[in-house]
Amino acid sequence: MAAVAGVTGPAGGAGEATAPVRVLIVDDDALVRAGLSMILGGLPDLRVVGEAADGGEVPAAIAAYAPDVVLMDIRMPRVDGLTATEALRARPNPPEVLVLTTFDADEQVLRALRAGAAGFLLKDTPPADIVHAVRRVAAGEAMLSPTVTRTLIDHVTAAPGLAGPDPRRERALRLLGGLSERERQVAVALGRGRTNAEIAGELFMSVATVKAYVSRLLTRLDLNNRVQVALLVHDADLV
């Protein structure tokens, strides 16, 4: 298949051989599925292994195709992407999930992120950015800027609520308060949307050490991925 304009292959050096990232596309719109397959299918490091038209088809598709990354539509008529994401991320060793949406400030998107989705994409995202997002989450990085995170949280908390303490903020402060100073610094950097390499430069440590700290944070905070750490930091108003 011909490459899509503006989309290039991976940046690896000559002689490198790694298995392609396996992608499952879940969307009730056949045209969207076809478009995403065209964008991703012509690249050597990505492989569309299957498609599903509804969230209810996801468990069988995961068993059949063993994807590394799932592109998940948030709105589908029978089982929506939020429900499917929550069920998927509760499984042992789940694939990463990138939520597909038409709205960039949506309560369902935030719920999907809290459930363990690694980020989200607007359906009108340029092809090159979609490819970058899939590669990034497959590598264990978040696909969510701190500005977008703040916008999402502000959007869903804008409605007036009951007066008094914010239980989500109190929980976040309690959890983060149990971290060491260095762990807290790494958590705040994740909340700012920093990559492992950026955190390493800012905190004067190796990338391998940063990865070890991120793994430790996930264990100590009982979270699935770095997006959830970032959301916890935002809940605590630390960024």
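## Helix α5 and its surroundings

At 1.5 Å a residue, the twelve residues of α5 should span 16 Å, and the 17 Å between its end C-alpha atoms agrees with that; the expected span is 1.5 Å times one less than the number of residues. This is a predicted model, in which local features need pLDDT of at least 70, side-chain atom pairs count only at pLDDT 80 or more, and totals for chains, interfaces and linings use all residues. Residues are numbered from 1 along each chain as its sequence is written, and side-chain values use heavy atoms, leaving out hydrogens and water.

The protein chain has eleven helices and five strands; helices (H or I, at least four residues) and strands (E, at least two) are DSSP runs numbered from the N terminus. Of its 239 residues, 43% are buried, meaning under 20% relative accessible area, with exposed over 50% and partly exposed in between (1.4 Å probe, protein chains only).

Let's look at what surrounds α5. Its buried residues are I130, V131, A133, V134 and V137. They cover an arc of only 160 degrees around the axis, so they sit on the same side of α5; the arc is that of the directions from the helix axis to the C-beta atoms. Their cover includes β1 (21-26), α1, β2 (46-52), β3 (69-73), β4 (96-101) and β5 (119-122). After α5 comes G140, with a positive phi near 90 degrees.

How do α1 and α5 meet, and at what angle do their axes cross? The axes of α1 (residues 30-41) and α5 (residues 127-138) come within 10 Å and cross at roughly 75 degrees, which means that α1 is roughly perpendicular to α5. Axes here are lines fitted to C-alpha atoms, for helices over the stretch in contact, with angles from 0 to 180 degrees between N-to-C directions; under 35 degrees counts as roughly parallel, over 145 as roughly antiparallel, 65 to 115 as roughly perpendicular and the rest as oblique. L36, I39 and L40 of α1 make the contact with P127, I130, V131 and V134 of α5, where contact means heavy atoms within 4.5 Å. These residues divide into seven nonpolar, no polar and no charged; Ala, Val, Leu, Ile, Met, Phe, Trp, Tyr, Cys and Pro count as nonpolar, Asp, Glu, Lys and Arg as charged, and the others, Gly among them, as polar.

Elsewhere, two loop residues other than glycine have positive phi:

| Residue | Phi | Loop | Relative accessibility |
|---|---|---|---|
| A66 | near 45 degrees | between α2 (58-65) and β3 | 47%, partly exposed |
| F204 | about 55 degrees | between α9 (196-203) and α10 | 77%, exposed |
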